Amino acid sequence: CIVARVGLRRSISVAMAIAALLGGARAARAYRPFDETDASVAETGTIELELGPLTYTHQASGDAYAPGFIFNLGAVHRLELVLDASKAFLFGNAHVDAQRRQLDTSLTAKYVLREGSLQEGGSGISVAAEAGPLFPTVPVAGGLGASLALIASQRWPALTIDVNVEGDLLRDDSYGFIGGVIIEGPDAWRVRPVSELLFATAQHAANTWSALGGAIWTVGPHLSIDGALRIAQQDDEGVFEVRAGLTWVIDVYR
């Protein structure tokens with residue numbers, strides 16, 4: 001837990017220093033600390049860099065620390081490229097949450113199929129699809145896999161709901177499925193409460209049920225910070241996680 005706190009303080013210090021230099025940055029919309037996502041993409045010509053979640057995991061078989069990052073590039077209108085290495089590196093118990101770790105190193109393309117309430121000037125349900133390969137973790141384990149997800153989101157003044165349905169070809173040639181719902185408080189609040197319910201299953205791994213609760217703090221026009229607690233049940237074993245991360249957005253080209 002001390003390691004997690006020290007890592008978070010260092011990450012926040014670096015982010016604040018860099019964000020102060022980014023005069024052209026847009027408002028950050030952190031999508032950490034969730035496992036799933038929403039039906040929006042980075043604006044064309046911008047980079048959304050997410051440091052985190054920095055995760056501390058405790059369960060009966062041992063503890064582990066997992067730093068992570070996600071790199072989002074708004075390539076063209078409606079299309080985002082996503083490099084997700086949320087748990088590419090794992091320190092501590094190598095068996096902690098192995099099923100989820102299989103799905104956390106990927107390079108995907110996310111496309112908005114229908115512009116709605118999550119897009120500027122839109123209304124109704126926003127719909128997106130995200131697909132791409134799953135890569136081996138570090139140390140290297142398994143071959144290549146693939147992932148395909150559909151996301152639907154609806155925003156109201158007091159509430160936002162994001163529904164995710166995902167199918168995966170895992171790196172051991174088995175199949176997996178993930179279903180999740182994200183619920184957020186009022187988007188206009190500087191600190192908004194957030195939660196996520198998730199179910200994951202795979203052919204050769206334990207079923208996982210999890211619930212997450214936390215908050216996202218909009219620090220300024222380019223920076224957001226998030227934190228959450230997550231509890232999960234994986235067969236007969238309980239999992240407890242503390243998560244923290246941050247997001248900033250940088251204009252690159254027009």
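A residue is called buried when its relative accessible area is under 20%, exposed when that area is over 50%, and partly exposed in between. The model examined here is predicted, and in it D35, at 24% relative accessibility, therefore counts as partly exposed. R243, by contrast, has a relative accessibility of 3% and so counts as buried. These two residues meet again below, in a salt bridge.

It helps to begin with the chain as a whole. Its secondary structure consists of two helices and 14 strands. Of the 254 residues, 48% are buried. The exposed area of the chain comes to about 11,600 Å², and 67% of this area is supplied by carbon and sulfur atoms. Among contacts with a separation of 6 or more, 55% are between residues 24 or more positions apart.

Turning to the interior, the largest nonpolar core brings together seven residues, namely Y31, F34, I182, V194, L212, I216 and A228. Apart from this core lies another, made of five residues that include V219, L223, I225 and W248. Within the largest core, F34 offers a convenient point of entry. When neighbours within four places in sequence are left aside, the contacts of F34 are I182, V194, S195, E196, L212, I216 and R243. F34 thus touches the core members I182, V194, L212 and I216, and R243 is also among its contacts.

R243 leads on to the charged pairs. The whole structure contains seven salt bridges. One of them joins R243 to D35, with 3.2 Å between the closest N and O atoms. This pair connects distant parts of the chain, since R243 belongs to strand β14 (residues 237-251) and D35 to the loop between α1 (2-21) and β1 (46-59), 208 residues apart. A further salt bridge is formed by R230 and E241, at an N to O distance of 3.5 Å. Here R230 sits in strand β13 (residues 223-234) and E241 in strand β14, with 11 residues from one to the other. R230 and E241 are both buried. Through shared partners, salt bridges combine D35, R230, E241 and R243 into one network.

K110 and D38 make another salt bridge, their closest N and O atoms lying 3.6 Å apart. The pair again spans distant parts of the chain: K110 is in strand β6, D38 is in the loop between α1 and β1, and the two are 72 residues apart. Both partners, K110 and D38, are buried.

Strand β6 is also a good place from which to look at the strand pairing. Covering residues 105-114, β6 runs antiparallel to β4 and is joined to it by seven bridges. In this pairing, D84 stands opposite S106 of β6. On β4 (residues 79-85) there is also an antiparallel pairing with β3 (residues 69-76), held by seven bridges. The hairpin of β3 and β4 has two residues between its strands, and R78 there adopts a positive phi near 75 degrees.

F71, a residue of strand β3, has L83 as its bridge partner in β4. Both F71 and L83 contribute, together with F69 and L107, to a nonpolar surface patch of about 300 Å². With a relative accessibility of 32%, F71 counts as partly exposed, because that class lies between the 20% limit for buried residues and the 50% limit for exposed ones.

Notes
Residues numbered from 1 in each chain as written. Predicted model: local features only at pLDDT ≥ 70, side-chain atom pairs only at ≥ 80, totals over all residues. Heavy atoms only, no water. Core = buried A, V, L, I, M, F, W, Y, C linked by side-chain atoms within 4.5 Å. Buried < 20%, exposed > 50% of the residue type's maximum accessible area, 1.4 Å probe, protein only. Contact = heavy atoms within 4.5 Å. Helix = DSSP H or I, 4+ residues; strand = E, 2+ residues; numbered from the N terminus. Areas by Shrake-Rupley, 256 points an atom, 1.4 Å probe, with all protein chains shown as cover. Pairing = 2+ DSSP bridges. Patch = residues over 30% accessible without salt bridge, like charges linked within 9 Å, V, L, I, M, F, W, Y side chains within 5 Å. Salt bridge = Lys/Arg side-chain N within 4 Å of Asp/Glu carboxyl O.
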